[in-house]
Amino acid sequence: MNFFKKLFSSSNLVLQIDDGGRAAAGYKGKAGDCVVRSIAIVSGLSYQKIYDDLYKANEEFRTSSRTKLARNLKKKNDSPRSGTHRVIVRKYLEKLGWRWTPTMFIGQGCKVHLKKDELPAGTLIVSCSKHITVVKDGVLHDTYDCSRRGTRCVYGYWTKPN
């Protein structure tokens, strides 16, 4: 990307600080729990319920799946506090009725960025590089501004059909 274009880029997204009920559930400090927070923000389910569900899903995947990925996972990685693998995220969100829309394909490069004018209206769970966040009608719901001034690439997003 052109240096000046990057320098003057803007996400146009309004930041709404939102932890998805993490503090209310009694958790302190920082964690890599963006999946739990994002699902709690959009689903109306409690942070603790989603945390427990994903903990069980991570553990089940690690112990019952015969994939190379599952065999390489360690027991300490069952906690959604340290992240949740996209395979488990996909299954969980599909179970809740959300639909995946990819925006990046092999060999194409980045076409959609975390910017208001590049994302559709409505409530979205957006997948970016090593992070998942929520965008509701141009408002970014997260614990920090993860848009990188509108230059962060969007791999795809989840929407809930009416």
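Here are a few worked exercises on how the helices and strands pack in this predicted model.

**Exercise 1. Work out how helix 2 and helix 3 are arranged, and which residues join them.**

Step 1: find the two helices. Helix 2 covers residues 34-43 and helix 3 covers residues 47-64.

Step 2: look at the axes. They come within 9 Å and cross at roughly 130°. Angles over 145 degrees would count as roughly antiparallel and 65 to 115 as roughly perpendicular, so helix 2 and helix 3 end up oblique to each other. The crossing is right-handed.

Step 3: list who touches whom. From helix 2 come Val-35, Val-36, Arg-37, Ile-39, Ala-40 and Ser-43; on the helix 3 side they meet Tyr-47, Ile-50, Tyr-51 and Leu-54. Sorted by class, that contact has eight nonpolar residues, one polar and one charged.

**Exercise 2. Do the same for helix 3 and helix 5.**

Step 1: the axes of helix 3 and helix 5 come within 10 Å, crossing at roughly 125°. These two helices are therefore oblique to each other, and their crossing is right-handed.

Step 2: Ile-50, Asp-53, Leu-54, Ala-57, Asn-58 and Phe-61 in helix 3 meet Val-87, Ile-88 and Tyr-92 in helix 5. The class tally here is seven nonpolar, one polar and one charged.

**Exercise 3. Trace the sheet, then place the helices on it.**

Step 1: get the strand order. The sheet is open, has six strands in the order 1-5-4-3-6-2, and its pairing is mixed. Strand 1 (14-17) and strand 2 (99-102) are the edges, each pairing on one side only. From one strand to the next, the twist averages 30°.

Step 2: zoom in on one pair. Strand 4 (residues 131-136) and strand 5 (residues 139-142) pair in the antiparallel sense over three bridges. Val-135 stands opposite Leu-140 in strand 5.

Step 3: add the helices. Helix 2 packs on the sheet, touching strand 3 (123-128), strand 4 and strand 5, and its direction makes about 20° with that of strand 4. Helix 5 (residues 86-95) lies across strand 2, strand 3, strand 4 and strand 6 (154-159), at about 25° to strand 6.

**Exercise 4. Classify the ring pair Tyr-27 and Tyr-51 and say what it links.**

Step 1: the model has four aromatic pairs. For Tyr-27 and Tyr-51, the ring centres are 5.2 Å apart and the planes sit at 40°, so the pair is tilted.

Step 2: locate the partners. Tyr-27 is in the loop between strand 1 and helix 2, while Tyr-51 is in helix 3, so the pair ties together parts 24 residues apart in sequence.

Definitions and conventions. Residues numbered from 1 in each chain as written. Predicted model: local features only at pLDDT ≥ 70, side-chain atom pairs only at ≥ 80, totals over all residues. Heavy atoms only, no water. Axes fitted to C-alpha atoms, helices over the stretch in contact; angles between N-to-C directions. Helix = DSSP H or I, 4+ residues; strand = E, 2+ residues; numbered from the N terminus. Parallel < 35°, antiparallel > 145°, perpendicular 65-115°, else oblique. Left-handed = near helix turned anticlockwise from the far one by under 90°. Contact = heavy atoms within 4.5 Å. Nonpolar A, V, L, I, M, F, W, Y, C, P; charged D, E, K, R; others polar. Pairing = 2+ DSSP bridges. Phe/Tyr/Trp six-rings, centres within 6.5 Å; stacked < 30°, edge-to-face > 60°.
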